[in-house]
Amino acid sequence: MILHVACLPFPSFQGTQAALSAMLDASARAGRETHVLTYAHGAHPLHAAYRVHRLPDFPRVRSLRSGPTWGKLALDARCIAATRRLVDELQPDAVVAHHVEAALATQFAGVAPVYYVAHTSLETELSVYFSRLPKWALRLGGRFVDRVAMGLAERTAAVAPALAARLGDGVVHLPVPWRTERRRARKTAGAVMLYAGNLDSYQGWEDLLEALRQLRALRPNARLLIASESDPSAARREAARLGVGSAVDFSRLDGEAARTRVHDASDLAWIPRRTEGGLPIKMLDAFARGLPVVASRRATAGLPVERACRVVPSDDPAAFARATHRLLDDEPARRVLVDAGLQYLAAHHSDTAYLAALDALLGRSASPEEATLSEPRRPAAPVLRAR
């Protein structure tokens with residue numbers, strides 16, 4: 001039995017939470033006893049085949065946004081005692097800590113072994129949330145915390161190849177399982193591009209509004225659909241400044257029905273990225289729903305997706321516009337991308353691939369499928385122990 005610890009609201013439709021949910025679902029489908037410890041609140045009700053343990057609802061925090069707050073720090077401190085209590089109660093075989101807050105909380109709880117799953121790097125993330133402080137200081141501080149979290153863990157995995165490479169030697173890639181929703185490859189009736197994600201600055205969504213402005217010079221009917229749970233005010237202002245306010249639509253992304261609706265209403269998915277980060281969940285979701293994708297190089301996160309989407313240079317709105325214009329005129333190319341996206345998910349993000357990599361991370365097996373993963377730095381303990 002495995003106890004997953006995640007110091008975050010759960011569930012929600014944000015990338016880290018979506019990745020965590022997919023991992024837990026895959027374990028449950030395989031009949032593995034799985035438990036997870038999270039904050040008290042989430043974005044929607046959850047009916048899961050795994051056991052969810054929640055922190056006491058104090059302090060009462062309801063924010064779903066990423067990034068540090070005083071309330072979250074207090075909840076993270078509460079996670080220390082909750083982790084130790086659950087380990088004593090459940091006697092799990094291992095603890096898997098998701099993101100750096102959980103990695104630190106589990107170590108302060110004094111349990112071992114702990115396996116750390118990195119969903120992003122603080123070295124690149126902190127400057128997004130503390131923009132008034134010197135970037136060099138934030139990068140150094142973030143790098144230090146990343147190294148501490150990794151150094152305390154039995155072993156570290158990352159949800160994307162580029163993130164694993166950034167974190168350094170010995171970090172392996174843990175593929176996130178993603179299920180195909182349905183197959184589709186429709187003829188384009190219009191020119192609606194979808195951005196489905198939060199509007200934090202690390203996403204680079206501003207480039208999409210400039211790309212839309214340039215695309216409309218070639219295709220006056222082009223529109224952008226922004227589906228998000230973030231406050232859209234900044235995006236509305238930027239769209240108005242660029243003169244494309246009337247060509248941008250906004251939709252809530254507050255459930256599976258909404259996610260299906262916005263994908264069905266769109267002809268292409270646009271995936272930008274301003275900073276190096278974790279796994280592009282919105283890309284996997286577009287593949288799964290049969291939507292062709294145009295993505296910046298940085299947004300691919302080192303995944304082998306060159307055949308499954310149009311990859312353009314990072315921070316280049318003109319490249320987004322040109323690639324989209326050509327793709328909208330080429331129905332056979334769109335069909336090829338849809339088929340390749342579905343094949344990519346089947347090959348790289350199946351339940352089998354995830355579970356094999358997880359077992360290898362925990363030192364449980366050495367099957368041929370797992371041979372590319374290096375051996376653990378230390379043998380995994382058969383039973384979790386308190387330090």
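**Helix H11 and the salt bridges**

Pro 317, Ala 318, Ala 319, Phe 320, Ala 321, Ala 323, Thr 324, Leu 327 and Leu 328 make up the buried part of helix H11. The model here is a predicted one. In H11, nine of the 12 residues are buried, so the rest of the structure largely encloses this helix. The helix itself runs over residues 317–328 and stretches 17 Å from its first C-alpha to its last, close to the 16 Å expected at 1.5 Å a residue.

What do the buried residues of H11 pack against? On the strand side, the partners are E9 (192–196), E12 (268–271), E13 (293–296) and E14 (310–312). Two helices join in as well, namely H7 (206–218) and H12 (331–348).

Helix H7 turns up again when it comes to charged pairs, through its residue Glu 206. Side chains of opposite charge can pair when their charged atoms come close. The structure has 25 salt bridges, and one of them joins Glu 206 to Arg 274, with 3.5 Å between the closest N and O atoms. This pair links distant parts of the chain, 68 residues apart: Glu 206 sits in helix H7, while Arg 274 belongs to the loop between E12 and helix H10 (281–288). Are these two partners buried or exposed? Glu 206 has a relative accessible area of 25%, which makes this residue partly exposed. Arg 274, at 30% relative accessibility, also counts as partly exposed.

Another bridge runs between Glu 229 and Arg 252, whose closest N and O atoms are 2.7 Å apart. Glu 229 is found in the loop between strand E10 (223–227) and helix H8 (233–241), and Arg 252 in the loop between strand E11 (248–251) and helix H9 (256–264), so the pair ties together parts that are 23 residues apart in sequence. With a relative accessible area of 43%, Glu 229 is partly exposed.

Further along the chain, Arg 364 forms a salt bridge with Asp 359, and here the closest N and O atoms are 4.0 Å apart. How accessible is each partner? Asp 359 counts as buried, because its relative accessibility is 12% and the cut-off for buried is under 20%. Arg 364, on the other hand, is partly exposed at 40%.

Finally, some salt bridges share partners, and in this way Glu 123, Arg 139, Arg 143, Arg 166 and Glu 276 are joined into one network.

Terms used. Residues are numbered from 1 along each chain as its sequence is written. This is a predicted model: local features need pLDDT of at least 70, side-chain atom pairs count only at pLDDT 80 or more; totals for chains, interfaces and linings use all residues. Side-chain values use heavy atoms; hydrogens and water are left out. Helices (H or I, at least four residues) and strands (E, at least two) are DSSP runs, numbered from the N terminus. The expected span of a helix is 1.5 Å times one less than its number of residues. Buried means under 20% relative accessible area, exposed over 50%, partly exposed in between (1.4 Å probe, protein chains only). Contact means heavy atoms within 4.5 Å. A salt bridge is a side-chain nitrogen of Lys or Arg within 4 Å of a carboxyl oxygen of Asp or Glu.
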